[in-house]
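Thanks for making the time this morning. I would like to walk you through one model, and please keep the picture open while I talk.

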Protein chains: 2
Amino acid sequence: MVRKEIRFRPIGRVHSPFKAREDIDPLRNVRPNGLAKVEGELEIFKPYAAGLKDIDGFSHLIVIFAFHRSQKVKLLVKPPRETRRRGVFSTRSPHRPNPIGLTIVRLLGRRKNILQVSGMDMLDETPILDIKPYTPRDSKRRLKHGWLEERSKKKKKN
Amino acid sequence: MVRKEIRFRPIGRVHSPFKAREDIDPLRNVRPNGLAKVEGELEIFKPYAAGLKDIDGFSHLIVIFAFHRSQKVKLLVKPPRETRRRGVFSTRSPHRPNPIGLTIVRLLGRRKNILQVSGMDMLDETPILDIKPYTPRDSKRRLKHGWLEERSKKKKKN
């Protein structure tokens with residue numbers, strides 16, 4: 001029962017300066033400020049636009065999207081510039097059993113059904129599945145971040 | 001093209017003390033510590049368990065799941081104890097165009113394909129779609145959180 005297929009339909013699409021995967025910094029998850037300055041737009045399709053009411057009051061949004069260019073599933077992945085293979089659930093790789101992506105963006109403004117955001121790291125034309133407000137409860141402190149941590153330390157030394 | 005259906009399959013399921021929706025604190029998103037102490041387990045189905053390698057190094061995980069009990073879609077929702085209707089994308093309501101849920105949990109331990117976590121706010125038997133590491137980049141500061149903010153202020157006054 002619990003294993004049956006679940007179907008979603010895009011509620012919108014991304015407009016991004018990144019037209020190809022190679023355009024996106026592969027180390028963005030290691031850097032706290034990632035691609036903070038990269039701007040783009042989230043277009044919510046008209047039938048869903050009424051759901052954007054009240055969203056303007058939030059500084060940050062969680063964007064859940066489909067990795068629409070991902071065509072393979074790997075349980076072990078070699079992150080960019082890493083030598084060891086990591087379990088896919090300890091990475092943000094697109095090659096996941098369910099190719100769902102997640103990015104937290106800063107909301108800069110809104111024009112009807114278009115949200116202007118920064119922190120863009122999605123490909124142009126990415127299908128958007130959901131948008132959620134980022135709440136105080138989502139902001140965690142005193143993190144341990146495993147292999148990414150070793151990576152950051154190594155970076156600092158160099 | 002971008003609007004075509006996207007299909008996912010659960011990679012696991014939740015074991016939670018919450019058997020019914022009424023068991024879950026409806027104000028959890030307003031409170032920074034939400035349900036921080038509630039413990040539960042994330043069972044990753046055996047075929048995907050290899051993807052859990054290296055996950056033990058992370059203190060927090062992002063769980064993406066299906067709101068499997070949600071049967072209606074609303075673009076405007078009345079959050080618990082709110083008088084006004086809010087746009088669904090500015091809430092964490094389960095009644096979304098795509099009933100996808102997201103919770104950030106603390107990882108307490110792991111026993112093979114079972115992750116022990118706290119911060120549980122999911123229903124028992126919830127289908128898990130994805131697990132991602134929570135990285136420094138996901139921890140945002142200086143938040144504005146719109147109507148939830150008015151709510152917190154009101155709470156403090158009382």
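I will go from the relation of the two chains to their barrels, then to the contact surface and the core, and finish with a few single residues.

A word on the source before anything else: this is a predicted model, in which local features need pLDDT of at least 70 and side-chain atom pairs count only at pLDDT 80 or more, while totals for chains, interfaces and linings use all residues. Residues are numbered from 1 along each chain as its sequence is written, and chains are lettered from A and ligands numbered from 1 in the order in which they are written.

Let me start with how the two chains are related. Chain B is superposed on chain A by a rotation of 180 degrees with 0.0 Å of shift along the axis, and the RMSD is 0.0 Å; the superposition is by least squares on the C-alpha atoms of residues with pLDDT of at least 70 in both copies. That is the relation of a two-fold axis. The same surface serves both copies, since 100% of the contact residues of chain B recur in chain A.

Now to the fold of each chain, where I call helices and strands by their DSSP runs (H or I over at least four residues for a helix, E over at least two for a strand), numbered from the N terminus. In chain A, six strands form a closed barrel in the order β2-β3-β8-β7-β4-β9, with antiparallel pairing, where pairing requires that DSSP finds at least two bridges between two strands. From one strand to the next the twist averages 45 degrees, with axes taken as lines fitted to C-alpha atoms (for helices over the stretch in contact) and angles running from 0 to 180 degrees between N-to-C directions. In chain B, six strands likewise close into an antiparallel barrel, in the order β2-β3-β8-β7-β4-β9, and there too the twist averages 45 degrees from one strand to the next.

If you follow the pairs around the barrel of chain A, β2 (residues 12–15) is joined to β3 (residues 39–44) by four bridges in the antiparallel sense, with A:Glu43 as the bridge partner of A:Arg13. On β9(A) (residues 127–133), which β2(A) meets antiparallel through two bridges, A:Arg13 stands opposite A:Pro127. Seven bridges hold β4(A) (residues 60–66) and β7(A) (residues 100–111) in an antiparallel pair, and there A:Phe65 faces A:Gly101 as its opposite residue. In chain B, the antiparallel pair of β2 (residues 12–15) and β9 has two bridges, with B:Gly12 opposite B:Ile128.

Which strands pair across the two chains? Strand β1 (residues 6–8) of chain A and β1(B) do so, antiparallel and over three bridges, and within that pair B:Ile6 is the bridge partner of A:Phe8.

Turning to the whole contact surface, 64 residues of chain B are in contact with 64 residues of chain A, contact being C-beta atoms, placed from the backbone, within 7 Å. The elements of chain B that give two or more residues to this side include β1 (6–8), β4 (60–66) and α1 (146–157), and β9(B) gives the most, with six residues. By type, this side of chain B divides into 31 nonpolar, 13 polar and 20 charged residues, where Ala, Val, Leu, Ile, Met, Phe, Trp, Tyr, Cys and Pro count as nonpolar, Asp, Glu, Lys and Arg as charged, and the others, Gly among them, as polar.

What are the residues with the most contacts inside the largest nonpolar core? That core has 66 residues, and the ones in question are A:Leu61, A:Val63 and B:Val63; a nonpolar core here is a set of buried Ala, Val, Leu, Ile, Met, Phe, Trp, Tyr and Cys residues joined through C-beta atoms within 7 Å. Leaving aside neighbours within four places in sequence, B:Val63 is in contact with B:Leu42, B:Thr103, B:Val105, B:Ile128 and B:Ile131.

Last, some loop residues. B:Pro99 lies in the loop between β6 (86–87) and β7 (100–111) of chain B, and B:Pro99 counts as buried because 20 C-beta neighbours fall inside 10 Å; the cut-offs are 20 or more other C-beta atoms within 10 Å for buried, 12 or fewer for exposed, and partly exposed in between, with C-beta atoms placed from the backbone. Not counting residues up to four places away in sequence, B:Pro99 touches B:Ala66, B:Phe67, B:Ser70 and B:Pro94. A:Asp54, in the loop between β3 and β4 of chain A, has a phi near 75 degrees, a positive value in a residue other than glycine, and A:Asp54 is buried because 20 C-beta neighbours lie inside 10 Å.

Notes:
Two residues are in contact if their C-beta atoms, placed from the backbone, lie within 7 Å.
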